[in-house]
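Welcome! Take a moment to look over the structure below, and then let us walk through it together.

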Amino acid sequence: MVAQAYSLDVSSHFSDVDAADLHLSYSASGLPSGLTISASTGVISGSVSAIGLSTVTVTATDSASHTTSQTLDIHAVVQPVISTVSSSVTLAKSGTNMD
């Protein structure tokens, strides 16, 4: 949501088949403005500053420079806000007439 803290750990979507090479570094392209990715943890975080759809490509790289990528969509929306509820709202049970 726009202007709210956002966090997504993408590291669980990547693994390295080399048993001796357990460390991956992460990068991302196409992130919406306000979001960044931690190269060491794979956590995308921040606050999106604009409404819209962003197609993001996350790349994991091992110490031998082997890479793999995953693509995801981030939809930034505005959170609905209810500021007041009118006292003239009539509640009715299902099946009753509201005359």
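A residue counts as buried when its relative accessible area is under 20%, and as exposed when that value is over 50%. Keep that cut-off in mind as you look at this predicted model. How much of the protein chain counts as buried? Of its 99 residues, the share is 21%. The accessible surface of the protein chain comes to about 6900 Å², and carbon and sulfur atoms hold 54% of that surface.

Next, try following the chain from its start. The secondary structure consists of six strands and zero helices, so to speak a pattern of β-β-β-β-β-β when read along the sequence.

How are strands arranged into a sheet? As general background, strands of a sheet pair through backbone hydrogen bonds, in either a parallel or an antiparallel way. Here, three strands make up an open sheet, ordered β2-β5-β6, with antiparallel pairing. At its edges lie β2 (24-29) and β6 (67-76), each of which pairs on one side only. From one strand to the next, the twist averages 25 degrees.

Now focus on one pair within this sheet. Strand β5, covering residues 52-62, pairs with β6 over 10 bridges in the antiparallel sense. To find your place in the pairing, look for Ala-60, which stands opposite Thr-68 in β6.

Finally, step back to the contacts across the whole chain. Among contacts in the protein chain with a separation of 6 or more, 55% come from residues that are 24 or more positions apart.

Key: Residues numbered from 1 in each chain as written. Predicted model: local features only at pLDDT ≥ 70, side-chain atom pairs only at ≥ 80, totals over all residues. Heavy atoms only, no water. Pairing = 2+ DSSP bridges. Helix = DSSP H or I, 4+ residues; strand = E, 2+ residues; numbered from the N terminus. Axes fitted to C-alpha atoms, helices over the stretch in contact; angles between N-to-C directions. Buried < 20%, exposed > 50% of the residue type's maximum accessible area, 1.4 Å probe, protein only. Contact = heavy atoms within 4.5 Å. Areas by Shrake-Rupley, 256 points an atom, 1.4 Å probe, with all protein chains shown as cover.
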